[in-house]
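Here's a quick tour of the model for anyone about to poke at it computationally. Have a look at the sequence and structure first, then read on.

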Amino acid sequence: MKNIKDYKLEDLKNELKEIGEKPFRAEQIFKWIYDEKVESFDQMTNLSLELREKLKNNYTICNFNILKKQESKDGTIKYLFDVLDGNAIETVLMRYHHGNSICVSSQIGCKMGCKFCASTGIDFIRNLSGGEIIEQIIKVEQDIKEKISNVVFMGIGEPLDNYENVVNAIRIINHPKGLNIGARHISISTSGLVPKIYKLAEENIQCTLSISLHATNNKKRSIMMPVNEVYPIEQLIIACKDYIKATNRRISFEYALAKDNNDNLEDAKELVKLLRGMICHVNLIPINKIENGKFDKSTNENIIKFRDYLNAHGIVATIRRELGSDIDAACRSIKKKKFA
Ligand code: SAH
């Protein structure tokens, strides 16, 4: 059966037309799903019984179950969701003074194999559909009884490796009759799939693009991120410059600092050279050591020196606050678990 949350409003209108229904019914259904967050077609009381039956026979509403919920002392909540096929994924809610931010997963498992990431070493199972990405937000909003204001695609998976579904989800998240979250409050993070960066530039979505850079030369980057063998740094940086030109949007570069690996002033110097002249922001992440991982967190002193060097040389850089580290939510163990 088809998941009704996979449909954009226009597409649902067309589906309904095909079964002889008026298109405005799609707007009513959207209201029930995204405003009221109902879990069954029976609750859609302004639809005729006949239409509710038709909907039940053709679609599911896709209600994830919460298998586990861990709450950090800083307010961060990590959810383990049952995605209804024997697999589970993690979603993290972070609370900032400017609002509630959610970190969603885009795939069950990941193919990228980044050496420092907790999703590596677990098999790739499948892409999440647009509706399954959206369901993570709906369930969390329902659970905390508050609105989510920011969405980041930084959970399990490589969003640009699940391009169509992620873009579809963003359109519904962003739609005033969908979840109504402004595109500027949505970030996609990628390990650097160059052709997809060009494709995204043409979508006319005002979301933020984050690039997981983590190193300034091919030798170091390929050791950390195998994807660099396919799309080396030079190609990635050109794609970023072209993206900025095409969209007029600032890019955010993520740089996870690992002790004695990519955290000394020579690296900072190379980074300044690499990014000079680009409209960008650097997000420094103290790397979280994963089980059996070979990358250790930099010292606070080095992280601050690194940031200060960038700022002194014209690159805006901030250090990401580590939220939820006591519940392993800080990029350490966001991973899928198979429980069936
Ligand atoms: N696949 C996407 C999105 C998922 S990861 C990507 O690669 O961008 C989200 C961010 O967390 C990426 O910048 C990733 O490199 C970073 N990350 C993953 N594991 C980490 C760890 N152990 N410590 C710090 N950052 C990590």
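Before we get to the ligand, one cut-off: a polar contact here is a pair of N or O atoms within 3.5 Å. With that in hand, an oxygen atom of the ligand sits 3.4 Å from a polar backbone atom of Thr190, so that pair makes the cut-off of 3.5 Å. Keep in mind that this is a predicted model.

**Around the ligand**

- The ligand has 18 residues around it, and the closest are Phe116, Ser189, Ser212, His214 and Asn288.
- Ser189 brings a polar side-chain atom to 2.6 Å from a ligand oxygen atom.
- From Asn288, a backbone N or O atom lies 2.9 Å from a nitrogen atom of the ligand.
- On its own the ligand would expose 530 Å², and the protein buries 96% of that.
- What is the shell made of, by residue class? The split is eight nonpolar, eight polar and two charged residues.

**The β4, β5 and β6 hairpins**

- β4 (77–82) and β5 (87–96) pair in the antiparallel sense, with six bridges between them.
- One pair to look up is Tyr79, whose bridge partner in β5 is Thr91.
- These two strands form a hairpin with four residues between them.
- β5 also pairs with β6 (residues 99–103), again in the antiparallel sense, over five bridges.
- Here the hairpin has two residues between its strands, and Arg95 has Asn100 in β6 as its bridge partner.
- Is β5 enclosed or open? Eight of its ten residues are buried, so β5 is largely enclosed by the rest of the structure.

**Positive phi outside glycine**

- Leu84 sits in the turn of the β4 and β5 hairpin, with a positive phi of about 75°.
- Leu84 has 45% relative accessibility, so it counts as partly exposed.
- Asp260 isn't a glycine either, yet its phi is positive, at about 55°.
- You'll find Asp260 in the loop between β12 (251–257) and α9 (265–275).
- Is Asp260 buried or exposed? Its relative accessibility is 69%, so Asp260 counts as exposed.

**Ser252 in β12**

- Ser252 lies in strand β12.
- Its relative accessible area is 10%, so Ser252 is buried, the cut-off for that being under 20%.
- Leaving out neighbours within four places in sequence, Ser252 is in contact with Thr208, Leu209, Ser210, Ile211, His281 and Asn283.

How values were computed
Residues numbered from 1 in each chain as written. Predicted model: local features only at pLDDT ≥ 70, side-chain atom pairs only at ≥ 80, totals over all residues. Heavy atoms only, no water. Near = heavy atom within 4 Å. Polar contact = N/O pair within 3.5 Å; in protein donor to acceptor, adjacent residues only side chain to side chain. Areas by Shrake-Rupley, 256 points an atom, 1.4 Å probe, with all protein chains shown as cover. Nonpolar A, V, L, I, M, F, W, Y, C, P; charged D, E, K, R; others polar. Buried < 20%, exposed > 50% of the residue type's maximum accessible area, 1.4 Å probe, protein only. Contact = heavy atoms within 4.5 Å. Pairing = 2+ DSSP bridges.
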